[in-house]
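Reader: Hi! I'm new to reading protein models, and I'd like a close look at one part: the surroundings of the ligand. Could you walk me through that spot and how it fits into the rest of the chain?

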Amino acid sequence: MRTTALRISHIVRHLSTSSRAAMSYPSTIKGVGIKQTGGLEAIEELSLPFPEVKSTDLLVKIVYGGVNFIDTYMRSGLYPPAFLPLPIAKEVAGVIVELPTDESVLHSAAFKGRGFKKGSKVAIDVTGSLKEYVSVPWDGNVFPVPDDIPVRVAAAAILQGITALGQVTEAYDVKKGDTVFIHTIAGGVGLLHAQIAKGRGATVIGTTSTPEKAALAKAHGADHVILYRSENVVERALEITNGEGVDVIYDGVGKDTFEDDFKYIKRKGTIVSFGNASGPVPPVPLFKLTEKNVKLLRPTAVNWVTNVEERDRYSAELFKLVASGELKINIFQDYPFTAEGVRQAQSDLTTGKTTGKLLIKVADE
Ligand SMILES: NC(=O)c1ccc[n+]([C@@H]2O[C@H](COP(=O)([O-])OP(=O)(O)OC[C@H]3O[C@@H](n4cnc5c(N)ncnc54)[C@H](OP(=O)(O)O)[C@@H]3O)[C@@H](O)[C@H]2O)c1
């Protein structure tokens, strides 16, 4: 009796925040994430209230979640979680099940321009999204997915794709004839960087740990791959570039590689430090940049796309490259939507076992 009363109160609360007919939705949904920061053991299955759906929100049934290093930073507390319990992935893709109900939104040119319809596919990059349903403002960090892109590919492409696109255009605009250096070139972001840079006519140099990963990187546009465990990265980079150094370095490794980046960056070159796979880069004295008049950036994907125009422009370019085959999305493995599945995915990612993209399969499409 008491359980029934509670269930009804959940549904009534949901209806009061949304005028849509919500009776077919459950009052609680499953997520996977953390209640407190910690090691892999902190990941657990979560029972979460059905999301509050505002009149300006899309309601999305999630089909896949993308696994990213940032998930491990949030789980460990390196990036303090914005709220708890926190479902851990921020990158997901799925299908719109409810549109906004606000008439002024529905009739606006900006909303219509995004092409959102019930049943259409979207990708989302919002912290705390690894759960069965996500509500997101129609003009929030949600991206229309064209009909010819499978939802699984969209989940695999969106976050790392925007990262790579932003970095090869706005951080340093890669041009024909440039020499581009990509750390962990066989990783999720790395394989995308390599293909886009190669597509622009650059010479692509990268690092990885094994010959198998090197072969994969070469199949995705790398001209030279340095095996950093057995070769001296600085010496090889200078040898390949006849002592000149490279125009741009994309460095997602962080602590272990940052200092050496300055030894083979060209004078007036650009270092894009964008991750902490080996730990965060300590504070850098500005004066260090004078040695070669180097430009140094520390960008993050979400800040390439902070409004509807940028979101739609970036995602359209990304999915166009994917649809044309110019950008191959290399999926390593689908992991189950369980605590064990997410633990295994995070463990595989952080111990260097993987190439390309890791996914969590949340539901059938
Ligand atoms: N700023 C942003 O917006 C943004 C967005 C996405 C990702 N990132 C960052 O980009 C980096 C790569 O992310 P990703 O998702 O594409 O992952 P990933 O490269 O697929 O990550 C796994 C690979 O990192 C390499 N690695 C090198 N040093 C490592 C170390 N000390 N510990 C563990 N792995 C190490 C390993 O490849 P090898 O075997 O080749 O060494 C491993 O297979 C991460 O630092 C991530 O935080 C930043």
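Author: Let's start with a term we'll need: a helix here is a DSSP run of at least four residues, and helices are numbered from the N terminus. Also keep in mind that this is a predicted model.

With that in hand, look at helix α5, which gives 3 residues to the shell around the ligand, the most of any element. The elements that supply two or more residues are α2 (69–76), α5 (151–171), α6 (188–199) and α11 (339–350). Altogether, 28 residues surround the ligand, and the closest are Thr208, Ser209, Tyr228, Gly252 and Ala301. Sort the shell by type and you get 11 nonpolar, 15 polar and 2 charged residues.

Now zoom in on the oxygen atoms of the ligand. Serine 209 has a polar side-chain atom just 2.5 Å from one ligand oxygen. The backbone joins in too: at valine 189, a backbone N or O atom sits 2.8 Å from an oxygen of the ligand. Then there's alanine 277, where a polar backbone atom is 3.3 Å from a ligand oxygen. How much of the ligand does the protein bury? On its own the ligand would expose 910 Å², and the protein buries 90% of that.

Let's step back to the whole chain. Its domain assignment gives domain 1 (2–159 + 311–361) and domain 2 (175–298). Notice that domain 1 comes in two pieces of sequence, 2–159 and 311–361. The C-alpha centres of the two domains are 31 Å apart, and 14 residues of domain 1 are in contact with 17 residues of domain 2. Your ligand has a share in both: the shell draws at least three residues from each domain.

For a sense of distance, try lysine 268, which is in strand β13 (residues 265–273). Leaving aside neighbours within four places in sequence, lysine 268 is in contact with Lys292, Asn293 and Lys295. Its C-alpha atom is 43 Å from that of aspartate 147, and the two residues are 121 residues apart along the chain.

How far can you trust the picture? The chain has a mean pLDDT of 94, with 94% of its residues at 70 or more. Over residues 1–19, though, the pLDDT is below 50, and this stretch has 16 contacts in the model beyond near neighbours in sequence. Where pLDDT is low, the predicted coordinates shouldn't be read in detail.

Methods
Residues numbered from 1 in each chain as written. Predicted model: local features only at pLDDT ≥ 70, side-chain atom pairs only at ≥ 80, totals over all residues. Heavy atoms only, no water. Near = heavy atom within 4 Å. Polar contact = N/O pair within 3.5 Å; in protein donor to acceptor, adjacent residues only side chain to side chain. Areas by Shrake-Rupley, 256 points an atom, 1.4 Å probe, with all protein chains shown as cover. Nonpolar A, V, L, I, M, F, W, Y, C, P; charged D, E, K, R; others polar. Domains from an automatic or database assignment. pLDDT = per-residue confidence, 0-100. Contact = heavy atoms within 4.5 Å.
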